[in-house]
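Trainee: Please take one part of this model and go through it closely. I would like the reasoning spelled out, and then a look at how the part sits in the rest of the chain.

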Amino acid sequence: MKSVTVPELTGKLAVVTGGSDGLGLGLARRLAEAGAEVVLPVRNPDKGAAAAETVRAAASGSTVSVRNLDLASLASIRAFTDGMRDEGRPVHVLINNAGVMAPPIRHVTGDGMELQFGTNHIGHVALTAGLLPLLRAGQARVTTMSSSAARYAKIDWTDLQGERKYSAVRAYNLSKLATLHFGLELDRRSRAAGWGISSNVAHPGTTMTNLYAAGPNLGRSRPSPHEAVLRRLLRWGVLVQTVDAGLLPALYAATHPQARGGRFYGPDGLGQFTGGPTELAVYRSARNDADAARLWTVSEQLAQVEFAG
């Protein structure tokens, strides 16, 4: 496994979503080990507290705080971002990592959006917009997590929410294409408006996390086979990697001096399943700037925010 050397982050404030376990927890640990103060906005306070203790144990003397955040609730996102703005501290690193994958039946967020699109994409749009003044003050690096699944996605503008026809995989792919568009468009708009924010996108390849159990088991009476299959492949060392390896593209994108805004980072191995971090070509599905601009407008409306300069 290749490694990433994280620069000194003492005095920097980092916010990592999905930090209760998996990639988010691993990223929080690496940031804290480099000296950053880390905020973990989580849906489950008990899991968040346990994660914070794990980070503190790994990074002696680190400062880690847990806040309440449900990315499937715009009211929860507003409460979190309002609280952060009231504190007024610049944010230097934001990693939009949390997500849900492939529930077999259609679920909706508290605001009535399809769960994957609403959580993975719209939730992070609302979060980033709410933190915008703090990100500007910190001249922040924003890294948004996508997936190699984005390359297979197509935007159906007449059925973004999968209301007419729901497919678990198609909805997941779309949500990750949307996050890819968002991360790249945020950088374009930051440069045009002079926000001073650098925004890029990463994907972890196929990494063994709870994502492969939590989403596919939603609404099922019998466990999904996804997790068992992935664990077997991980034992064989085929097409699946550990969290410590899978977090490297996002860690590189979020911290490395040579990582740039408007770029896409992921594993360098065969098929982008595993490997060390490298810059990737943006998938063909995400190369249409008109789609990105249209999706930005739709997303602001759904997230009930405006990225005001």
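**Helix H11 and its surroundings**

Mentor: The buried residues of H11 pack against three helices: H3 (74-87), H4 (115-130) and H6 (168-193). This is a predicted model, and everything below is computed from it.

Start with the geometry. Helix H11 runs over residues 289-303, which makes 15 residues. At 1.5 Å a residue the helix should span 21 Å, and the C-alpha atoms at its two ends are 20 Å apart, so expectation and model agree.

Next, the sides of the helix. The buried residues in H11 are Ala292, Leu295, Trp296, Ser299, Glu300 and Ala303. They cover an arc of only 140° around the axis, and therefore lie on the same side of H11. The general background is short: an α-helix has 3.6 residues a turn, so residues three or four places apart point the same way. On the face of H11 turned away from the buried side are the exposed residues Ala290 and Gln301.

Now the two ends. At the N-terminal end, asparagine 288 acts as the cap of H11, with a side-chain oxygen 2.9 Å from the backbone nitrogen of alanine 290. Alanine 290 thus appears twice in this account: in the capping pair and among the exposed residues of the outward face. At the other end, glutamine 304 comes just after H11 and takes a positive phi of about 60°, although glutamine 304 is not a glycine. Glutamine 304 has a relative accessible area of 53%, and because the cut-off for exposed is over 50%, it counts as exposed.

Two of the helices packed against the buried side of H11, namely H4 and H6, can be followed further through one residue. Serine 175 is placed in helix H6. Its relative accessibility is 0%, so serine 175 counts as buried. The side chain of serine 175 makes a polar contact with the side chain of asparagine 120, at 3.0 Å. Leaving out residues up to four places away in sequence, serine 175 touches Gln116, Phe117, Asn120 and His121. H4 covers 115-130, which is the stretch to compare with those residue numbers.

The approach to H4 holds another positive phi. Alanine 102 is in the loop between strand E4 (93-96) and H4. Its phi is about 55°, and alanine 102 is not a glycine either. With a relative accessible area of 13%, alanine 102 is buried, whereas glutamine 304 is exposed.

Before H11 in sequence there is a loop worth a look, the one between strand E7 (264-267) and strand E8 (277-280), where glutamine 272 lies. At a relative accessible area of 16%, glutamine 272 is buried, because the limit for that label is under 20%. Its side chain makes a polar contact with the side chain of histidine 203, at 3.0 Å. Apart from neighbours within four places in sequence, glutamine 272 is in contact with Ser148, Arg151, His203, Gly205, Pro267, Leu280 and Tyr283.

For a strand to set beside the helix, take E1, residues 13-16. H11 has its buried residues on the same side, but both faces of E1 are covered: Leu13 and Val15 are buried on one side, Ala14 and Val16 on the other. In a regular strand the side chains alternate between the two faces of the sheet. E1 pairs with strand E2 (residues 37-42) in the parallel sense, over three bridges. Within E2, glutamate 37 is the bridge partner of leucine 13.

The loop leading into E2 from helix H1 (22-33) contains glycine 35. Glycine 35 is partly exposed, at a relative accessible area of 29%. Glycine 35 and threonine 10 are 25 residues apart in sequence, yet their C-alpha atoms are 4.2 Å apart in space. Beyond neighbours within four places in sequence, glycine 35 is in contact with Glu8, Leu9, Thr10 and Gly11.

Finally, the whole chain. The protein has 11 helices and eight strands, and 55% of its 309 residues count as buried. Of the contacts between residues at least 6 apart in sequence, 75% join residues at least 24 apart. The accessible surface comes to about 13100 Å², with 50% of that belonging to carbon and sulfur atoms.

Note on methods. Residues numbered from 1 in each chain as written. Predicted model: local features only at pLDDT ≥ 70, side-chain atom pairs only at ≥ 80, totals over all residues. Heavy atoms only, no water. Helix = DSSP H or I, 4+ residues; strand = E, 2+ residues; numbered from the N terminus. Expected span 1.5 Å × (residues − 1). Buried < 20%, exposed > 50% of the residue type's maximum accessible area, 1.4 Å probe, protein only. Arc of directions from axis to C-beta. Contact = heavy atoms within 4.5 Å. Polar contact = N/O pair within 3.5 Å; in protein donor to acceptor, adjacent residues only side chain to side chain. Areas by Shrake-Rupley, 256 points an atom, 1.4 Å probe, with all protein chains shown as cover. Pairing = 2+ DSSP bridges.
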